[in-house]
Amino acid sequence: MLLKLLAVGDVVGEGGQDILSRRLHGLREDTKAHFVVVNGENASGVGITPAQARRMLEAGADVITLGNHTWNRIQIGDYLDKEPRILRPANYAGRVPGRGMGVYTCQGTRIAVLNLMGRLELNSNLDSPFKSADWLLNRGSYDLAVVDFHAEATSEKGAMAWYLDGRAAAVWGTHTHVPTADGQILPKGTGFITDLGMTGPRRSVLGIKPEHSINLFLGGLPRRYEEAEGNCKLNACLFTIDTETKKCVSVCRADIEE
Ligand SMILES: [Fe+2]
Ligand SMILES: [Fe+2]
């Protein structure tokens with residue numbers, strides 16, 4: 001069968017959660033998506049609380065992935081241990097709560113979802129995401145694997161996708177909050193896009209008030225970032241995967257603008 005997987009970019013703040021709650025069920029129907037993975041690392045601006053995670057699951061996420069802001073709301077720690085539908089990057093080097101891979105059954109197919117984080121320009125303290133991917137993909141029972149690679153550098157994301165070509169059915173990037181137009185299928189069947197973009201305020205710098213970002217670049221005192229106001233967008237990408245061959249057959253953007 002053809003399995004449709006919808007991947008949703010970083011949900012930013014109250015605005016991002018609001019558009020997700022209002023529009024994700026409809027987008028699921030419109031795209032006929034069977035399975036939905038949402039990156040939730042910015043639900044609190046930075047980090048996510050258990051209440052915000054529950055709200056995203058109610059909005060229609062089957063799995064929530066995270067990133068470099070995983071520990072900004074430290075109360076998520078216990079929840080990561082208890083709730084199997086939320087993942088944090090697998091390659092944290094330390095002894096931290098939660099898990100970076102989960103296997104979920106959808107339409108009779110066991111889908112392994114991996115959350116990995118890049119090191120270039122992001123966190124050099126991590127274990128290698130490439131070796132972590134090898135280790136995770138070689139264990140556990142699943143039919144096909146998909147990867148949220150949370151990374152800054154387009155080069156690291158591209159290298160990961162090509163490294164996993166033929167082993168993962170889909171690899172998508174998160175973190176930059178800027179959607180890319182390079183959706184493609186690699187030679188051995190991995191569907192790939194460099195970045196999904198974000199789900200949050202349109203008139204913003206990556207979701208936050210432009211003046212706060214400008215202040216930082218002008219050398220002003222660091223201050224707490226505030227979420228921008230106004231209409232939001234929902235950035236997402238739809239991967240269609242043949243469950244027999246385990247290859248991706250199409251990658252297309254599925255964005256909503258309000
Ligand atoms: Fe991030
Ligand atoms: Fe983010």
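Which residue, with a positive phi near 90°, follows helix 6? In this predicted model, that residue is Gly219. Helix 6 itself spans residues 210–217, and the helix is hardly covered: among its eight residues, the count of buried ones is zero.

A quite separate topic is the nonpolar interior. The largest nonpolar core holds 67 residues, and those touching the most other members are Leu5, Leu6, Ala7, Leu114, Ala170, Val171 and Cys237. The biggest contribution to this core comes from strand 6 (residues 109–117), which gives six residues. Ala170 offers a helpful view of the surroundings of one such residue: leaving aside residues up to four places away in sequence, Ala170 touches Leu5, Val146, Thr190, Gly191, Phe239, Ile241 and Cys248. One of these partners, Leu5, is also listed with Ala170 among the core residues that touch the most other members.

Turning to the strands, four of them form an open sheet in the order 2-11-12-15, and their pairing is mixed. At the edges lie strand 2 (10–11) and strand 15 (256–257), each of which pairs on one side only. Strand 2 runs parallel to its partner, strand 11 (residues 198–201), and the two are joined over two bridges. Within this pairing, Asp10 has Met198 of strand 11 as its bridge partner. Helix 1 (residues 13–31) packs on the sheet, where the helix touches strand 2, strand 11, strand 12 (232–234) and strand 15. The direction of helix 1 makes about 125° with that of strand 11.

Key:
Residues numbered from 1 in each chain as written. Chains lettered and ligands numbered in written order. Predicted model: local features only at pLDDT ≥ 70, side-chain atom pairs only at ≥ 80, totals over all residues. Buried ≥ 20, exposed ≤ 12 C-beta atoms within 10 Å, placed from the backbone. Helix = DSSP H or I, 4+ residues; strand = E, 2+ residues; numbered from the N terminus. Core = buried A, V, L, I, M, F, W, Y, C linked by C-beta atoms within 7 Å. Contact = placed C-beta atoms within 7 Å. Pairing = 2+ DSSP bridges. Axes fitted to C-alpha atoms, helices over the stretch in contact; angles between N-to-C directions.
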